[in-house]
Number of protein chains: 2
Amino acid sequence: MSKTGSVEERDLVNKLWDAGFAAMRAPASGGATKRPLPDVLAGNSKLYLAIEVKSTKQDHIYIDNEKISNLIEFSEIFGATPYVGAKFIRKPWRFIKLEDLHVTRSNNFRVNTDLAFSKGLDFEEIIGGTKQTRLI
Amino acid sequence: MSKTGSVEERDLVNKLWDAGFAAMRAPASGGATKRPLPDVLAGNSKLYLAIEVKSTKQDHIYIDNEKISNLIEFSEIFGATPYVGAKFIRKPWRFIKLEDLHVTRSNNFRVNTDLAFSKGLDFEEIIGGTKQTRLI
């Protein structure tokens with residue numbers, strides 16, 4: 001886990017607590033246990049969120065196929081809604097549903113800022129359990 | 001966190017995965033974030049468990065008042081059933097509901113083996129969401 005990743009994860013965990021969720025980061029040694037753990041897990045008694053966090057100073061992020069498979073497995077068993085939480089430097093958090101990720105030729109996943117700010121959701125949307133489209 | 005505690009926590013996490021739950025340990029640096037995190041958090045889409053783990057080679061465990069306050073706070077916000085998971089050496093896991101903990105004179109909590117094996121629940125009981133009394 002990169003140091004930058006940790007900072008962003010802590011920021012997200014703090015935002016979730018401030019928004020009335022109880023939130024926990026996965027242990028840094030999570031990989032050692034070979035369990036498919038999300039970076040951040042949160043709940044507010046109604047809504048459960050499992051989030052794979054990626055931060056970057058560039059205009060795109062890559063996510064390994066295995067990370068997404070793990071996120072799906074964990075979320076299905078636990079009972080949580082999975083998201084990729086994308087933090088592009090100097091931009092607000094965006095949360096991308098797994099079906100909206102761009103699949104690369106090598107069968108991994110890619111999110112650029114255009115995708116993140118078109119199909120992605122903002123923080124209020126994922127904690128409210130609602131989508132912008134429901135307000136129309 | 002003691003090394004013994006970690007071993008027992010990993011054992012419990014493994015048992016939960018084997019029983020069809022997705023389970024996660026709190027990060028070792030959890031205390032540093034000042035968040036009230038349980039040692040183990042697990043869910044199976046129906047049932048969510050927040051567990052404070054205590055293991056001992058003696059015949060009793062003590063739990064600080066603050067740990068229990070934190071466990072209650074986390075569980076109420078997250079939406080999980082809180083337990084103290086007690087592992088007495090060479091005995092099976094027992095899970096004690098918070099209202100069944102013995103309150104000490106100093107307003108902390110104590111569980112001895114008698115209490116753990118009378119009022120406490122076994123692993124099957126907490127994952128089934130049922131109590132022995134319901135089978136009678």
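# A tour from one loop residue to the two-fold axis

Begin by selecting Thr104(B), which sits in the loop between strand S7 (102-103) and strand S8 (109-112) of chain B. What you have open is a predicted model. With a relative accessibility of 16%, Thr104(B) counts as buried, because the cut-off for that class is under 20% relative accessible area. Now display its surroundings: leaving aside residues up to four places away in sequence, Thr104(B) touches Tyr62(B), Phe109(B) and Arg110(B).

**Salt bridges in chain B**

Next, turn to the charged pairs. How many salt bridges does a search of the whole structure find over all chains? The search finds four, and three of the pairs are visited here, two of them in chain B and one in chain A.

Select Glu52(B) together with Lys67(B): the two form a salt bridge, and their closest N and O atoms are 3.6 Å apart. Because Glu52(B) belongs to strand S3 (residues 48-56) of chain B and Lys67(B) to helix H2 (residues 65-78) of chain B, this pair ties together parts that are 15 residues apart in sequence. If you colour by accessibility, Glu52(B), at 3% relative accessibility, counts as buried, whereas Lys67(B) is partly exposed, with a relative accessible area of 36%.

Move then to Glu9(B) and Arg25(B), which form a salt bridge whose closest N and O atoms are 3.1 Å apart. This pair links distant parts of the chain, since Glu9(B) is in helix H1 (residues 3-18) of chain B and Arg25(B) is in strand S1 (residues 22-25) of chain B, 16 residues apart. Is Glu9(B) buried or exposed? At 2% relative accessibility, Glu9(B) counts as buried, and Arg25(B), at 11% relative accessibility, counts as buried as well.

**The pair in chain A**

Select Glu9(A) and Arg25(A), where a salt bridge is again found, with the closest N and O atoms 3.1 Å apart. Here the link runs between helix H1 of chain A, which holds Glu9(A), and strand S1 of chain A, which holds Arg25(A), the two residues being 16 residues apart. Both Glu9(A) and Arg25(A) are buried.

**How the two chains are related**

Now show both chains whole. A rotation of 180 degrees, with 0.0 Å of shift along its axis, superposes chain A on chain B with an RMSD of 0.0 Å; that is the relation of a two-fold axis. To locate the axis from chain A, select Pro27(A), whose C-alpha is the nearest to the axis in that chain, 1.9 Å from it. The same surface serves both copies, as 100% of the contact residues of chain A recur in chain B.

**The interface**

Finally, select the residues where the chains meet: 25 residues of chain A are in contact with 25 residues of chain B. The area buried between chain A and chain B is about 2,200 Å², and carbon and sulfur atoms give 69% of it. Which elements of chain A give two or more residues to the side that touches chain B? They are helix H1 (3-18), strand S1 (22-25), strand S2 (40-43) and helix H2 (65-78). By residue class, that side of chain A divides into 16 nonpolar, six polar and three charged residues.

As a last display, draw the polar contacts: across the interface of chain A and chain B there are 14 residue pairs in polar contact, both residues of each being at pLDDT 80 or more, while zero salt bridges are found across this interface.

Conventions
Residues numbered from 1 in each chain as written. Chains lettered and ligands numbered in written order. Predicted model: local features only at pLDDT ≥ 70, side-chain atom pairs only at ≥ 80, totals over all residues. Heavy atoms only, no water. Least-squares fit on C-alpha atoms with pLDDT ≥ 70 in both. Contact = heavy atoms within 4.5 Å. Buried area = accessible area lost by both parts, 1.4 Å probe. Salt bridge = Lys/Arg side-chain N within 4 Å of Asp/Glu carboxyl O. Polar contact = N/O pair within 3.5 Å; in protein donor to acceptor, adjacent residues only side chain to side chain. Helix = DSSP H or I, 4+ residues; strand = E, 2+ residues; numbered from the N terminus. Nonpolar A, V, L, I, M, F, W, Y, C, P; charged D, E, K, R; others polar. Buried < 20%, exposed > 50% of the residue type's maximum accessible area, 1.4 Å probe, protein only.
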